[in-house]
Amino acid sequence: MLLLSLAVVLLQVDSGHCGLPFYNGFYYDRVMNDNGNGNGNGEIQFNGVRLMVETPQDALFTYRGANVTLPCRFYYVPKLDTPRRIRIKWSKLREDNTKDQDVLVAVGSKQRSFGEFRGRAHLQQSSPQQVSLVIHNVNLHDYGRYRCEIIDGLEDESGVVDLELRGVVFPYQPHHGRYMLNFYEAKAACEEQDAVIASFEQLFQAWSEGLDWCNAGWLLDGTVQYPITLPREPCGGKDLAPGIRNYGERHKHLHRFDVFCFSSALKGKVYYLAHPHKLTLEEAKQACQDDKAEIAKVGQLYSAWKFRNLDRCDAGWLADGSVRYPVSKPRPNCGPPEPGVRSFGFPQAEKYGVYCYKMS
Ligand SMILES: *[C@@H]1O[C@H](CO)[C@@H](O)[C@H](O)[C@H]1NC(C)=O
């Protein structure tokens, strides 16, 4: 009955005003203010048809270098027989709630991707209602929340997809010592190690897998925290339950701490260079180049340890001037009983081996 009377109203409007858009003679999606050139019927509200957008509840996990599909579909309730012209917009939400970052916009068969997604993102439209986003060659910055938005006239509905990366979190301290980095320097320090500053979720995941570190470090959201699995006096107290100790938000320019970095799977490989004698840092860099490689970065060593089970009981130089070695199968004379990347800090004068990194 309601539908019928609506159809009548529509017909009246249409007959009285030939310039009006005509939507299947069926549903109308905009509020019209008739200002004197129609038949004075006034407003027609959108009517009972709802636009629905569906995205997965659970986060999607991928890794660096992979191709990933962020699922999204839309439909109308009740179902419409004729397809409607819609606009699809994918954007990435920012951690600090500033303006979303444009990823891709599509109308009809035309689509355009933006910024760092240009040439790397496209829609997968296996059917007209599928508007999933494919991202090729995922990088560490792609981690985050994406909004799938369908714009149909004035109607606008959206869903959110969480994209997470499988990876490894490591604490980082530069060569000039403990608590030297403000937030911006902390971000840059991670990027120099082929990593990004870790999010709270990434640190939490690492803590639940056993990460214990008694130095406070910056996280992506501008807070400073550290993960404790074995409560002890200097690390928040013996009586406090295991968990992430939180110093809260700190001044991004004025306050200085260490940082937690995050890295994911690695393209290429990290290896301990076979070399007849021990090297200085400068000799080590040259030795990797002579082997058509580069000296490895800290994030690359962690990544190889975590994802390739790199296991080597020989201390070697890394690009930042630190000396470390990766152990996945703990054994006597090879550091602590847990797997991990062992660190000798930043030695000044001694000679060591070297870990090199080769693309592909
Ligand atoms: C990703 O997709 C591209 C293009 O289809 C393909 O060449 C590449 O091998 C894919 N990468 C992975 C890791 O599957």
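Helix H5 (residues 298–308) is largely enclosed by the rest of the structure, because 8 of its 11 residues are buried. The buried set consists of Val298, Gly299, Gln300, Leu301, Tyr302, Ser303, Ala304 and Trp305. These residues of H5 pack against several strands: S12 (167–172), S17 (258–264), S18 (269–272), S21 (323–327), S22 (340–343) and S23. The model is a predicted one, and every value here is computed from it.

The chain leaves this helix through Asn309, which comes just after H5 and lies in the loop between H5 and S20. Asn309 is not a glycine, yet its phi is positive, at about 50 degrees. Most residues other than glycine have a negative phi, and most peptide bonds are trans.

Helix H4 (residues 281–290) has buried residues too, namely Leu281, Ala284, Ala287 and Cys288. Viewed down the axis of H4, the buried residues fall within an arc of 115 degrees, so they line one face of the helix. The general geometry is simple: an α-helix has 3.6 residues a turn, so residues three or four places apart point the same way. The other side of H4 carries Glu282, Gln289 and Asp290, which are exposed. The cover over the buried residues of H4 includes strand S19 (294–295), strand S20 (316–317) and strand S23 (353–358). Strand S23 thus appears in the surroundings of H4 and also among the strands that H5 packs against. Just after H4, Lys292 takes a positive phi of about 60 degrees.

The next part to follow is a run of paired strands. Strand S6 (residues 101–107) is largely enclosed by the rest of the structure, because 5 of its 7 residues are buried. Strand S5 (residues 87–92) is joined to S6 by 6 bridges, and the two run antiparallel. Within this pairing, Trp90 stands opposite Leu104 in S6. Strand S6 is also joined to strand S7 (residues 110–113), here by 4 bridges and again in antiparallel fashion. In that pairing Val107 stands opposite Lys110 in S7. The hairpin of S6 and S7 has 2 residues between the strands, and Gly108 in this hairpin takes a positive phi near 55 degrees.

Upstream of S5 is a loop with a backbone feature of its own. A cis peptide bond joins Val77 and Pro78, with omega at about -10 degrees. Pro78 is found in the loop between strand S4 (73–77) and S5. Lys79 is found in the loop between S4 and S5 as well. Lys79 counts as exposed, because its relative accessibility is 70% and the cut-off for exposed is over 50%. Between Lys79 and Leu51 the sequence separation is 28 residues, while their C-alpha atoms are 9.6 Å apart in space.

Another backbone feature is found at Tyr179, in the loop between S12 and helix H2 (183–192). Tyr179 has a positive phi of about 55 degrees although it is not a glycine. Its relative accessible area is 22%, so Tyr179 is partly exposed; the limit for buried is under 20%.

The ligand is surrounded by Gly65, Asn67 and His136. A polar side-chain atom of Asn67 lies 2.3 Å from an oxygen atom of the ligand. For His136, the distance from a polar side-chain atom to an oxygen atom of the ligand is 3.2 Å. Taken alone the ligand exposes 360 Å², and the protein buries 29% of that.

Some totals place these parts in the whole. The protein has 5 helices and 23 strands. It has 360 residues, of which 44% count as buried. Among contacts with a separation of 6 or more, 57% are between residues 24 or more positions apart. The protein exposes about 19200 Å², and carbon and sulfur atoms supply 51% of this area.

Note on methods. Residues numbered from 1 in each chain as written. Predicted model: local features only at pLDDT ≥ 70, side-chain atom pairs only at ≥ 80, totals over all residues. Heavy atoms only, no water. Near = heavy atom within 4 Å. Polar contact = N/O pair within 3.5 Å; in protein donor to acceptor, adjacent residues only side chain to side chain. Areas by Shrake-Rupley, 256 points an atom, 1.4 Å probe, with all protein chains shown as cover. Buried < 20%, exposed > 50% of the residue type's maximum accessible area, 1.4 Å probe, protein only. Pairing = 2+ DSSP bridges. Arc of directions from axis to C-beta. Contact = heavy atoms within 4.5 Å.
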